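Colleague: I would like a close look at a single part of this model. Please take one loop and what lies on either side of it, and keep it brisk.

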Amino acid sequence: MQVPFSIQRLNSLESGFHLSSTAMVRTIDDGDEHGPSETAAQDKLSEPVCSRQRKIANEVGPRVASPRVARTRSKDLSDIRILIAHRSLVYPMVATKRRAGTKEVKAPTPEEVEENLKKANLPKEQSAKYHPYYQGKIEIVPRVPVRSMNDFAIWYTPGVAQPCLDIKADPQKVWTLTNKWNQVAIVTDGTRVLGLGDIGPEAGLPVMEGKALLFKYLGGVDAFPLPLATKDPEKFIETVKLITPSFGGINLEDIAQPKCFAILERLRKECEIAVWHDDQQGTATINLAGVINALKVVGKKMSDATITLVGAGASNIRTAKILIAAGASAEHIVLVDSKGIVGRHRKDVEAAQRDFAEKWELAQMTNGEDRTGGIPEAMRGVDVVIAASKPGPGVIQKEWVASMADDAILFVIANPVPEIWPWEAAEAGARVIATGRSDFPNQVNNSLGFPGIFRGTLDVRARTITDEMCIAAARELALVAEEKGLDEHHIVPTMDETDVFAREAAAVGMKAIEQGIARIRKSRDEIHDNALAIIRRAHEETKFLMQDGFIRPPPP
């Protein structure tokens, strides 16, 4: 089914709010790192800069993924072309490690890069024009018929008193007599909005509205943006708890670390409805899905793979934990923050453990080789690198990619520009490359996760969203892509594959039932078919509103 009004465009609009910044060598911006202004003890501490290199031997032989349903794919990587911002400009992107001498990688000229960057800025220009034109992205429409004014006696007073009494007698009936079953609040304090930093709740509202649009279109979920005018974690937690009667779930968004970790943990324990933080759990879910299939493409095992995470913000902290829960070896994982490799040797992290407990926990269990140094030392010889740091290019250098293990896997997911251009990474030898952008292959984007995950969570009325539910969603995403055929350029599904979200919902719902946190029990087919019907209804609603002119065409 064709997606009206281009979800890819909407996603580009959302990611287009990021600000680009100059490249840094060796250190990266995690957004909310503990620094001298936050942790006084760090002023007196210096980081060791020595490094101990690891020699990597690839003991796992390559194997070929065997998809159950094969896509029609080019057999020669040089025939697979990457789209750079516009369909009319294409460049071959070829993995050269272990294939050197077979095909030459053609990088774009500086003039072509400049032209493509101009085209990449087009969504930002369109956004500036469209937002004042539409004055908001979502609105409330009736769910019930209004045949005449007499119907208000049913939907409002005096008739509405009956469902009120029914819910008073049995509070669980609120799930069937109201829209609570399908409502999610998108709550932020505006302290870490995309790549813009602490811009406040009002300035974060356009992002939350965009999130609500994606929730509705991709998952059929009625989501409401609720930026809160407080930076106090206790006030934030209390406010979220107070609004839970209206909602079946809470999506936390764009909250600075380290408080985002404590807020999530508290609310998951203290609320009777599902609470999750998309910047943590959503990113980790899609990262895991991509890594699962990328490892299949190159013929390596999760338990054997060495993985470096560049950036120690909320997303990579949670990604590390989800990877470990999914079978990765903690000792094989290396985390890099703005001051270098994280490990037991980092006295500054130890000193800040009260505020950055999650980072200190990972410092003690990861980096089994006790590596020190910066990004180059962390990348040398590893199988997988996941960079979620700051917009590039230049954050990651070609020579660092070249130092990775054979058949290297590289995720560079900063927006709007990845930490290194994909063609540069391919030229340096990376075999599988993923970004956060829709105009490159292998878009690793949260929008593949949260709509389907919440759809399944709501449909079984789950009390929380566990890490096991996230892993179930990731494995289902990976399976969908595998069934259609895996190769270096197809490791995750795309957002225009409607059934992806229904299957994800079914996997999540079944895991919730298995874990005993679902209020109602359904079969996998029931969850899937119900989710698919709700999502298709959302698509058709949008289509009809556009056709009948209730949603105006975009301005010229």
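Modeller: Helices and strands here are DSSP runs, helices of at least four residues and strands of at least two, numbered from the N terminus. With those labels, Asn445 sits in the loop between E12 and helix H17 (450-459). This is a predicted model. I will take the loop, then the helix after it, then the sheet before it.

The loop comes first. Asn445 has a relative accessible area of 10%. The cut-off for buried is under 20%, so Asn445 is buried. The side chain of Asn445 also has a partner in the backbone. One of its polar atoms lies 2.8 Å from the backbone nitrogen of Ser447.

Now go on to H17. The helix is mostly covered, with ten of its ten residues buried. Phe450, Pro451, Gly452, Ile453 and Phe454 are among them. Charged side chains are on the list too: Arg455 and Asp459 are both buried residues of H17. Gly456, Thr457 and Leu458 are also included. Just after the helix, Arg461 takes a positive phi of about 55 degrees.

Next, step back to E12. This strand belongs to an open sheet of six strands. The order is E9-E8-E7-E10-E11-E12, and the pairing is mixed. Strand E9 (340-341) and strand E12 (430-435) stand at the edges. Each has a single partner strand, so one side of each is left without a neighbour in the sheet. For E12, pairing with strand E11 (residues 408-412) is in the parallel sense, over five bridges. One bridge joins Ala408 to Ala430 in E12.

Helices lie across this sheet. Helix H10 (residues 278-298) lies across strand E10 (384-387), E11 and E12. Its direction makes an angle of about 155 degrees with E11. Helix H11 (residues 314-325) lies across strand E7 (307-310), strand E8 (333-337) and E10. H11 runs at about 160 degrees to E7. E10 is thus crossed by H10 and by H11.

Last, the setting. The protein chain has 20 helices and twelve strands. Of its 556 residues, 55% count as buried. Take the contacts between residues at least 6 apart in sequence: 75% of them join residues at least 24 apart. The accessible surface of the chain comes to about 24000 Å², and 54% of that belongs to carbon and sulfur atoms.

Definitions and conventions. Residues numbered from 1 in each chain as written. Predicted model: local features only at pLDDT ≥ 70, side-chain atom pairs only at ≥ 80, totals over all residues. Heavy atoms only, no water. Pairing = 2+ DSSP bridges. Contact = heavy atoms within 4.5 Å. Axes fitted to C-alpha atoms, helices over the stretch in contact; angles between N-to-C directions. Buried < 20%, exposed > 50% of the residue type's maximum accessible area, 1.4 Å probe, protein only. Polar contact = N/O pair within 3.5 Å; in protein donor to acceptor, adjacent residues only side chain to side chain. Areas by Shrake-Rupley, 256 points an atom, 1.4 Å probe, with all protein chains shown as cover.
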